Amino acid sequence: MGTDRRWYCSKRLCGCKAKVFLDTDGKIEFSDTDHNHTPPLYHVTSTGNYIPLKSSAAKKREEEKQDSSQS
Ligand SMILES: [Zn+2]
């Protein structure tokens, strides 16, 4: 422990740029959940920690999708 941790989406090799950086306290320091596929709600790390993968950007994208379907 005592080191920051970085998590990259398991589909990173498929071109997904989503990533989450944790600080030394295990708090999310930076998160980019801009998946190029249907994003998971949580990611379980190798240490058994659950990382919530929620972002306002994804929510905004959903709203834009709904708007465009209405018109
Ligand atoms: Zn992804």
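What percentage of the 71 residues of the protein count as buried? The figure is 6%, where buried stands for 20 or more other C-beta atoms within 10 Å of a residue's own, exposed for 12 or fewer, and partly exposed for anything in between, with C-beta atoms placed from the backbone. Before we zoom in, please note that this is a predicted model, in which local features need pLDDT of at least 70, side-chain atom pairs count only at pLDDT 80 or more, and totals for chains, interfaces and linings use all residues. Residues are numbered from 1 along each chain as its sequence is written.

**View 1. The protein holds one helix and five strands.** Read along the sequence, the pattern is β-β-β-β-β-α. Helices (H or I, at least four residues) and strands (E, at least two) are DSSP runs, numbered from the N terminus. Contacts give another overview: among those between residues at least 6 apart in sequence, 16% join residues at least 24 apart. Here two residues are in contact if their C-beta atoms, placed from the backbone, lie within 7 Å.

**View 2. Three strands make an open sheet in the order β1-β2-β3, with antiparallel pairing.** The edges belong to β1 (5-8) and β3 (28-32), each with a single partner strand, so one side of each is left without a neighbour in the sheet. From one strand to the next, the twist averages 10 degrees; axes are lines fitted to C-alpha atoms, for helices over the stretch in contact, and angles run from 0 to 180 degrees between N-to-C directions. Two strands pair if DSSP finds at least two bridges between them. Strands of a sheet pair through backbone hydrogen bonds, either parallel or antiparallel.

**View 3. β1 and β2 (residues 19-22) run antiparallel and are joined by four bridges.** Look for Arg6, which stands opposite Phe21 in β2.

**View 4. On the other side of the story, β2 and β3 also form an antiparallel pair, with four bridges.** Lys19 has Asp32 in β3 as its bridge partner. The hairpin of these two strands has five residues between them, and Gly26 there takes a positive phi near 85 degrees. Lys27 sits in the loop between β2 and β3 and counts as exposed, because it has 8 C-beta neighbours inside 10 Å. From Lys27 to Asp4 the separation is 23 residues in sequence and 9.4 Å in space, C-alpha to C-alpha.

**View 5. Phe21, in strand β2, takes the centre of this close-up.** What stands opposite Phe21 in β3? The residue is Phe30. Beyond neighbours within four places in sequence, Phe21 is in contact with Asp4, Arg6, Glu29 and Phe30. Phe21 is partly exposed, because 15 other C-beta atoms lie within 10 Å. Tyr8 is 13 residues from Phe21 in sequence, and their C-alpha atoms are 8.5 Å apart.

**View 6. Now to Phe30, found in strand β3.** Is Phe30 buried or exposed? Phe30 counts as exposed, because it has 11 C-beta neighbours inside 10 Å. Between Phe30 and Arg6 there are 9.3 Å in space, C-alpha to C-alpha, although the two are 24 residues apart in sequence.

**View 7. The last close-up turns to Tyr50, in strand β5 (residues 50-52).** Which residues does Tyr50 touch, not counting those up to four places away in sequence? They are Tyr42 and Val44. Tyr50 is exposed, because 10 other C-beta atoms lie within 10 Å.
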